[in-house]
Every structure is written in C-alpha cells, then in structure tokens.
Amino acid sequence: MSDYLVVILGGTRSGKSRFGRKRAAELAAGGPVAYVATAVPGDPELDERIRRHRRDRPAEWQTIEAAHDLAAAIRDVAAGTTILLDGLTLWASLALADDPARVDAVLDGDLADVLAAIADHDGPVVVVSDEIGLGMVPLDPLGRAFRDLLGIVHQRLVARSDEAWLMVAGRAIALPAPVEEGR
C-alpha cells in the first residue's frame, strides 16, 4: 500500500474536505502535495463548489483533474508527493455511468485499478468521499446501485487504510480498526 493511507468519509458539508486538507498538509510536512480532483464542471452549483475548493487549498499545491481515469491521475503524481484525492464519490458516479448493471465492472475493473495505483504510490494518500448510505433507501434502481457501489468501495478502501475517519458536523471521529473475526 502507499506509504500511508487516510480515508475520510462524511456527509455533505460535514467538514471532510477541510479535514482532508489538514491531514494532507500534516502528512506532507512542508513537502509537495497533489490535489487530485474528480469533479467535472458543467452545472452552476458544482462550478461554484469547484471554485471554492480551489480558493481553499494552498496555491503551491499541484492540481490534477482526474475526470474518468483516476488511476492514471494517481500514477502521474511524482514519488514522495502527498496525494489528496477529493473526492471519490464523484469518480464513482462517473465510473457507474448511469448504468446500474456496471456495478461489478466498476468494482472488479475501475476500482481495482485505482486501489493498485494507490498501493503503488510512493507517498501518503488522503482520500475524501461522501458517506451516502446512512439515509433513506433510494426509490430508483440507479440510486440503489450507486449507494451499494459506494458502500463496497468504502469498505475495500478502509480495509487497506492506516487511518479512517467519519466527519459529522465538523467533528472528526476516528474509526477503530476492524474487530477480528472469531472474537
């Protein structure tokens, strides 16, 4: 796995991006940071969020627009650079491509490639993602497929992490290591 993997999950406006920036800066200890962005501009509200995120991060941080090929974007980051990937949710949405039948292809192909790229990176990686599985069950098949996909993605990522956090109302809650089976 990467030198050190941190996963930060939380709901909308929970403070996860701010906490992600803080952890990335701490792990970088003055060294280089690459901000890997997954948002694709196109609607006014999302465009404003992108502008706000750009304003909120240090100007000296490199920005990489990953769009669909997140694994390639991670592999393009120089060794020794701390990666802040914000966020995994938008990438998962792009990978699913509005097709509930693609869940297995995303998990077995796209996600496996992203996890391998993270594992191969020589430097800390901080991943920010939305926790969407705590609310109501979506009424449509695509919504349920996306919720399920993201839940499995989070489980696989957190299983490999050195730190995992849940953000609630601006507070970071450290997620404990898994309990071993048979206890």
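Mentor: A definition first: a helix crossing is right-handed if the near helix is turned clockwise from the far one by less than a right angle, and left-handed if anticlockwise. Keep in mind, too, that this is a predicted model.

Trainee: Okay, let's use that. Is the crossing of α4 and α5 left-handed or right-handed?
Mentor: The axes of α4 and α5 (residues 103-120) come within 10 Å and cross at roughly 130 degrees. Those two helices are therefore oblique to each other. As for the hand of the crossing of α4 and α5, it is right-handed.

Trainee: Which residues of α5 does α4 meet there?
Mentor: On the α4 side, the residues in play are W91, A95 and L96. By class, the contact of α4 with α5 has seven nonpolar residues, one charged and no polar. The α5 residues met by α4 are V103, V106, D110, L111 and V114.

Trainee: And α6? At what angle do the axes of α4 and α6 cross?
Mentor: Here you want the pair α4 (residues 88-96) and α6 (residues 141-159), whose axes come within 10 Å. α4 is oblique to α6, because angles from 115 to 145 degrees fall outside the perpendicular and antiparallel ranges. α4 passes α6 in a right-handed crossing. The angle itself is roughly 125 degrees.

Trainee: How many charged residues are in the contact of α4 with α6?
Mentor: From α4 come L88, T89, A92, S93 and L96, and they meet L142, A145, F146, L149, L150, V153 and L157 in α6. Sort those by class and you get ten nonpolar and two polar, while the number of charged residues is none.

Trainee: Now the sheet. Which are its edge strands?
Mentor: The sheet is open, with seven strands and mixed pairing, in the order β3-β2-β4-β5-β1-β6-β7. From one strand to the next, the twist averages 20 degrees. An edge strand pairs on one side only, and here those strands are β3 (62-65) and β7 (171-174).

Trainee: At what angle does α4 run to β5?
Mentor: Picture α4 lying across two strands, β4 (82-86) and β5. Going from β4 into α4 you pass through a loop, and G87 is found in it. The angle of α4 to β5 is about 70 degrees.

Trainee: While we're in that loop: which peptide bond is cis, with omega near 5 degrees?
Mentor: As a rule, most peptide bonds are trans. The cis one leads into G87, in the loop between β4 and α4. That bond runs from D86 to G87.

Trainee: How many residues of strand β1 are buried?
Mentor: β1 covers residues 4-10 and is largely enclosed by the rest of the structure. On one side, β1 pairs with β5 (residues 124-130) in the parallel sense over seven bridges. On another, five bridges join β1 to β6 (residues 163-168), also in parallel. The buried count for β1 is six of seven.

Trainee: Take G10. Which residue of β6 stands opposite G10?
Mentor: G10 has a partner in each of two strands. Toward β5, G10 stands opposite D130. Toward β6, the residue opposite G10 is M167.

Trainee: And which residue of β7 stands opposite W165?
Mentor: W165 is the bridge partner in β6 of I8. Beyond it, β6 and β7 pair in the antiparallel sense over four bridges, with L166 opposite I173. For W165, the residue opposite in β7 is A174.

Trainee: Which residue takes a positive phi in the hairpin of β6 and β7?
Mentor: Most residues other than glycine have a negative phi. This hairpin has two residues between the strands. The phi is near 50 degrees, and the residue that takes it is A169.

Trainee: Is R13 buried or exposed?
Mentor: R13 lies in the loop between β1 and α1 (16-28), and its phi is positive, about 60 degrees, although it is not a glycine. With a relative accessible area of 57%, over the 50% cut-off, R13 is exposed.

Trainee: What is the relative accessibility of A29?
Mentor: A29 sits in the loop between α1 and β2. Its phi is positive too, near 50 degrees. A29 counts as exposed, and the relative accessibility is 68%.

Trainee: Last one: what is the relative accessible area of V36?
Mentor: V36 has its place in β2 (residues 33-37). Among the residues it touches are I64, L70, V77 and L84. V36 is buried, with a relative accessible area of 0%.

Methods. Residues numbered from 1 in each chain as written. Predicted model: local features only at pLDDT ≥ 70, side-chain atom pairs only at ≥ 80, totals over all residues. Heavy atoms only, no water. Buried < 20%, exposed > 50% of the residue type's maximum accessible area, 1.4 Å probe, protein only. Pairing = 2+ DSSP bridges. Axes fitted to C-alpha atoms, helices over the stretch in contact; angles between N-to-C directions. Parallel < 35°, antiparallel > 145°, perpendicular 65-115°, else oblique. Contact = heavy atoms within 4.5 Å. Nonpolar A, V, L, I, M, F, W, Y, C, P; charged D, E, K, R; others polar. Lists of a residue's contacts leave out its neighbours within four places in sequence.
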